[in-house]
Amino acid sequence: MKVRLLRIMKLTDEQKHIIETEGDIKINAVAGSGKTTTITHYAKARPSGKRILYLAFNKSVKNEATLRFEKMGMENVRVSTAHSLAYSHIVPKYGYKIGEIPRPSDLIGMLSIRGGKSYKDMLAIAYHTLSLASYFCNSSAQKVRDLNYLAHIGHDEQYTFVEQHYDKIISYARAYLAKMDAGEIDITHDFYLKKFQLEAPSLPYEYILFDEGQDASAAMLDVFLKQRGTKVIVGDSHQQIYSWRYAVNSMELAQFPTLHLTQSFRFPQKIADIAISALKYKNLIDRHSPVTIQGRGKGKGTGVAATIARTNLMLLISAIENVIEKRLHKNIYFEGGMHSYLRNEEGGSIYDVYNLYNEDKSRIKDELIKGMKDIDELEEYAKLTGDYLLTSLVDVVKKYRDDLPGYLKSLRGKCLPDENRHKADMIYTTVHKSKGLEYPKVSLVRDFINEKKIKSQLEEAELEKTPPDFDAINEEINILYVGITRAMNEIVIPREIHPDFQGADAKPMPPEPSERKQQQRQSQKNPALPHRGQPWDEEEEYRMIELFEDDHEIEAIARILGRTPTAIRMRLEKRGLL
C-alpha cells in the first residue's frame with residue numbers, strides 16, 4: 001500500500017521512515033522526540049477510508065490527541081484510553097456500578113476476614129487481598145492462581161507475612177473478585193478492564209496505535225496483541241516507572257520490528273549527555289544497551305522551574321527547607337495539588353498520623369489509623385504491607401514533630417491555585433507526577449539512585465545469598481532518567497547522585513568561581529578548617545546527617561567536613577537530631 005505523504009518536509013528522516021513503514025512496528029522514542037506528532041502523521045498517511053484506533057495513556061493525552069486529529073480533519077480516527085474503551089464494552093452490557101476501591105478496614109467486614117494475631121494483621125491481610133486483586137486485574141492471567149504474587153514482594157517482613165497467609169490472601173481475593181463479577185458490590189475501573197480482556201474482544205479497526213506502551217498493563221497489551229489490524233506501539237523502554245501499579249514494559253514484550261526516534265526537541269545535547277550517563281548505570285546489572293540521544297533543543301524553553309524528588313518524603317523536606325527555613329520562594333505550586341503528597345493511596349492523611357503520634361485519637365478521621373494502638377504499630381503495618389507512602393508520612397511526622405502543623409500551614413499559605421500555576425517561583429513535584437511534563441530548569445533532590453546505592457544493594461544480596469532485584473534497580477535508574485529529561489534548558493543535580501561524577505575514576509565537580517574564591521580565603525585563614533564560617537549547602541548538610549546517622553562522633557564529623565565541633569552540634573540541634 002502506498003501511503004499519502006503530507007507535510008513530510010517538516011519531519012525528520014526517522015519520522016519519515018516510520019510513516020512510510022507498513023506492518024506491525026514498535027517505535028522506541030526518547031524523551032521529547034515528538035512521538036505524538038509522528039503517530040498523528042502516521043495516521044494521516046493511511047488511506048482515508050481505513051478505521052484507526054489511537055489508545056492514549058491518560059485523559060489529558062487523549063484530549064490533546066483528539067484536538068490534533070480534529071484539526072487534521074481525520075474523522076476516521078477514534079481516540080480512547082484503555083479504560084474508556086473497556087468501559088464502553090463492559091459496563092453497559094452488565095449494568096455494573098463503578099465505585100472506589102474499598103479500604104482494608106472496609107474489606108474486613110465485607111469478606112469476614114480473619115487471621116493473624118491482631119487487628120493490624122487482619123488489616124495487612126486485607127491490604128494484600130486488594131493488591132493481589134489489582135495485580136490480577138492488570139495481568140494477562142486467566143485465573144488468580146496463575147499468578148505468583150510473592151514474586152512482587154520484597155524479601156523482608158512483608159514477604160514473610162504474605163508467605164505465611166498466602167492461601168488466605170488468594171481465597172479472599174477470589175471472593176472479592178466474585179462479588180464484583182456478580183454485581184453484589186461496586187466494581188473498580190481495573191475490574192472492567194480485566195473483564196474486557198478475558199472476553200477476548202475483536203476490535204473493528206484496520207490500524208491500532210498504542211501510545212506510552214512502556215507503562216501499559218499486561219491485560220491491555222494482551223488485548224492489543226490479539227487484534228487482527230496493523231499494530232503500532234510507541235514508547236520509551238527507559239521510561240517505565242509504574243511497575244508498582246503492575247504495568248509491564250510492552251516495548252520489550254511486543255515482538256515487532258523496532259524503529260527509533262533518537263532526536264529530542266526538548267533539551268540540548270548537554271542534558272542529553274547526562275541522561276545517557278544515567279542509563280549507563282544499567283551496566284552494573286547487565287541491562288544496558290547503547291543509547292543514542294541527540295539533543296536538538298535550543299535551551300530557550302519558558303515556564304516555571306521545578307524541584308523534582310524521587311519520594312514524597314524528600315519533596316516535603318525540600319519544600320520545608322527551601323520555602324520556610326531558607327525563604328527562597330514566596331509563591332509555590334505542587335503538581336497534582338499539595339494535598340496529594342499528604343495522603344497514602346488508602347486515604348490516610350499526614351494529620352491523622354500526627355494525631356496518632358501525639359496519642360490524640362479523638363481527632364483522627366481515618367478508621368484504619370484510628371484502629372492502631374500507637375505510631376509503632378502503624379509503622380509495623382506499613383512494613384507488612386509495603387505501603388511506602390504511609391511510611392513517608394510517618395517519617396515526616398517523626399522528623400518535624402510539633403513543628404509540622406505550622407510548617408504545613410505555612411506551605412499551604414504559599415501554594416498557588418491551578419489557574420495561577422504560571423506565577424509560581426517554584427514548582428514542586430515527584431518524578432511520577434511530572435511524567436509527560438517539562439520545565440525550563442529542573443533541580444533534582446538527593447533521593448535518587450546512584451552508583452554507590454546500586455553496588456550496595458548488589459553486595460547486600462550477595463551477602464544474604466538472595467537474588468538481586470534487578471527489575472527494581474532498573475526502574476530506579478529509569479526514574480532518574482525521567483527526572484533528568486524533564487529539563488528543557490538546565491538541570492541541577494546534587495553531586496552524590498550526578499551520573500557524571502560517580503565511581504573511583506570520576507573527577508569531583510568543580511565549585512563555581514565565587515565559591516572557589518571563598519574557599520581559598522577560608523583555607524588561608526585556617527587550613528585545618530577550610531569550611532569554617534562558610535554558608536551550609538544542601539549537599540554538605542546531607543553529608544553531615546549521613547555521618548551522624550552512621551554513629552560518627554561530632555568531633556569526627558567536624559574533621560571530615562572541615563568545621564568546628566560547635567558548628568556541627570548547632571546544626572544538628574537545628575535539624576532536630578540532638
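1. Which residue in β3 does isoleucine 52 stand opposite? In this predicted model, the residue facing isoleucine 52 is valine 77 of β3. The points below place this pair in its sheet, and then turn to the other parts of the chain.

2. The domain assignment divides the protein into domain 1 (13-91 + 194-261), domain 2 (104-184), domain 3 (268-337 + 415-449 + 464-499) and domain 4 (522-577). Taken over C-alpha atoms, the centres of domain 2 and domain 3 are separated by 34 Å. A student following the chain should note that domain 1 is listed with two segments, and domain 3 with three.

3. One open sheet consists of six strands, arranged in the order β3-β2-β4-β6-β1-β8 with parallel pairing. The edge positions belong to β3 (77-81) and β8 (258-261); each has a single partner strand, so one side of each lacks a neighbour in the sheet. From one strand to the next, the twist averages 20°.

4. Within this sheet, strand β2 (52-56) pairs on two sides. Its parallel pairing with β3 comprises five bridges, and its parallel pairing with strand β4 (residues 207-210) comprises four bridges. In the pairing with β4, leucine 55 is placed opposite phenylalanine 210.

5. Are the residues of β2 mostly covered or mostly open? The strand is mostly covered, as five of its five residues are buried. Ile52, Tyr54 and Ala56 point one way from β2, whereas Leu53 and Leu55 point the other way; all are buried. Isoleucine 52, the partner of valine 77 in β3, therefore belongs to the group that a cut-off of under 20% relative accessible area defines as buried.

6. Two helices lie across β2 and β3. Helix α3 (residues 59-71) runs at about 170° to β3, while helix α4 (residues 82-94) runs at about 100° to β3. Together, β2, α3 and β3 form a right-handed β-α-β unit.

7. At the β8 edge, strand β1 (residues 25-29) is joined to β8 by four bridges, and the two strands run parallel. One bridge partner can be named here: alanine 29 is matched with leucine 261 in β8.

8. A further open sheet has five strands in the order β12-β13-β11-β14-β15, again with parallel pairing. Why is one side of β12 and of β15 left without a neighbour in the sheet? Both β12 (332-334) and β15 (487-492) stand at the edges and have a single partner strand each, so one side of each remains without a neighbour. The twist in this sheet averages 25° from one strand to the next.

9. Strand β11 (residues 306-309) and strand β14 (residues 439-444) are paired in the parallel sense over three bridges, with alanine 306 opposite valine 442 in β14. Helix α13 (residues 312-325) packs on the sheet, where it touches β11, β12 and β13 (426-430). The direction of α13 makes about 160° with that of β13.

10. The last point concerns helix α25 (residues 565-574), whose buried residues are Ile568, Arg571 and Leu572. Viewed down the axis of α25, these residues fall within an arc of 100°, so they line one face of the helix. Met570 and Lys574, on the other side of α25, are exposed. As general background, an α-helix has 3.6 residues a turn, so residues three or four places apart point the same way.

Notes. Residues numbered from 1 in each chain as written. Predicted model: local features only at pLDDT ≥ 70, side-chain atom pairs only at ≥ 80, totals over all residues. Heavy atoms only, no water. Pairing = 2+ DSSP bridges. Axes fitted to C-alpha atoms, helices over the stretch in contact; angles between N-to-C directions. Contact = heavy atoms within 4.5 Å. Domains from an automatic or database assignment. Buried < 20%, exposed > 50% of the residue type's maximum accessible area, 1.4 Å probe, protein only. Right-handed = clockwise from strand over helix to strand, strands pointing away. Arc of directions from axis to C-beta.
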